[in-house]
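Hi,

Here's the structure I promised to pass on. Have a look at it first, then read my notes underneath.

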Amino acid sequence: GMAIKPQANDGPCRVDEEDAINILKDLDRKLKGRVILLPSSSMEKTNEDKAEVKDLTWSKPTPVPMAIVRPANEDDVSIAVPILANLKTKRGISFRVRSGGHHYNAYSSVQDGIVLDLSRLNSYELNKERSNDGIDEQGGSSTSTAWIGPAVDGGTIWKELVRNHGVGVLMGGCPAVNQGGFILGGGFSYWSRQYGLGCDRLKQARVVLADGSTVIANSTNEHRDLFWALRGAGSAGVGGVVTAFQVDVFDTQDEQVYGLGLISTIEETARFMSNMKDERLSKNVGMSLFLFPEKYYGPDFVCPYNWYDTGIDNLRAGMETLNSTFHRMLSKETANRFGLEMKSATEYSRNGLMDGRLWRVWNGFLMPEQCTPSTIKKLLYLLKEMRDLGDEYVTVEILLWGGAISEINPEDTAFYWRRGLFNVCVNLGVPTHVAGSKEIFDRQEIVLNKAWRKLEKYLKGCYYNYPERDASLKDYFGGNVGRLRRIKKRYDPDNVFSHPQSF
């Protein structure tokens, strides 16, 4: 094991805390990775301590744990988990599992608890074998798979898999999102209309259970119930730590088609959204709508969109399809404000994280039967009201789902809200460097929470990777909650794997 920083001048410990520290020091000696003990919350942190804690969570403030356990490999995870489980059940010291820390509610850390940090499990291995027919079940030309560690991020996928190998793995919209939480919470991607959610591409997973044993879970073996639960509810504490995912990959390339359009009125935006029910709309189309803070970005709805494909001829045909789609669905004046270009998608991988922010998110799914111009118009007026109430700190985001996502039955995976045509999301993000950020955030949160209650009647459910603090497990997992509870009871009866919104 690596050396542990001394806890000098840390004052007297409670018996349980002192005992826990000794257990963690012993754990450190057993691991190829390391255990980092941090001074207690009452003690001043060194710069090294602050650096260890700073990026544990994307959302601020970061809960400061008593220790970070950083395994080097799966064997280390198998050693660490039963010890951490014992500390929780016998001494009440909670732990959290972290793959990347990109969570709105900062659940990848825990105040005065322990973080099991999987950041060193960041390797991947491609398997380029093909089946006899060469066609995968979701329409790609390749049935290649890859083993992906939970800490592989979107930037790595773009720069290495896409650019160097010509294959893609579904990933989050931000390059800093790691595969662990992304896949286990469902996994919406810009490719999802073509290939489904991240959890839909999962073939099997290596899972360390509470007793330290490692199992392979897939759709046909004795752990098929666990595998079902991992596909959309795996980060909800259903029963283990995933150390590797085997996923389907698909042929793709670095250069893709992108564009940005502006829609000036709510009326036209509502008609545009209702037209997305059109069955002629290609699965290659990815699209979202944003209302950004007006003082910086103006009043228009901003519409980024893309066409993902392979081959220059297919991309050019995609540009023509997009142009004809926009001219069919929008006024001529607005359609002419929708430009297109082919460019390197690797630029995506250079996007960094926002500055540290206090975050709150509200979201829900707009079902096809609600996608009428009149209903969407009411919804958009309420969303604009929330944007305006939030002044410079609120962004409205409306993501087009559907396509391959909706072709899977809600009961076939733990992810339930398959029929949602749009995910409607309101983000409150107050930078921590702003004077009085906590007071601003608290005040805005109360006002916006009240405003959200007026529009949630138009929506159903909630996406687990955009966690809403007031959401219930039923909001997240709908009719799958009962089966998930039974799986939790089988695999984690002592509730070792838990956080504020877990089973």
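Below is what I found, starting with the whole protein and then moving to one helix.

First, the small print: this is a predicted model, so local features need pLDDT of at least 70 and side-chain atom pairs count only at pLDDT 80 or more, while totals for chains, interfaces and linings use all residues. Residues are numbered from 1 along each chain as its sequence is written, and side-chain values use heavy atoms, leaving out hydrogens and water.

The protein has 15 helices and 18 strands (DSSP runs, H or I of at least four residues for helices and E of at least two for strands, numbered from the N terminus). Its C-alpha trace spans about 75 × 60 × 40 Å along the principal axes. Of the 503 residues, 59% are buried, meaning under 20% relative accessible area, with exposed being over 50% and partly exposed in between (1.4 Å probe, protein chains only).

Now for helix H10, residues 312–329: its 18 residues reach 26 Å from first C-alpha to last. Which of its residues are buried? They are Leu315, Gly318, Met319, Leu322, Thr325, Phe326 and Met329. These cover an arc of only 130° around the axis (taken from the directions from the helix axis to the C-beta atoms), which puts them on the same side of H10. The face turned away from that buried side carries the exposed Asp313 and Glu320.

As for partners, the buried residues of H10 pack against several elements, among them strand E12 (255–263), helix H8 (266–274) and strand E15 (339–344); contact here means heavy atoms within 4.5 Å.

Cheers

Note on methods
The expected span of a helix is 1.5 Å times one less than its number of residues.
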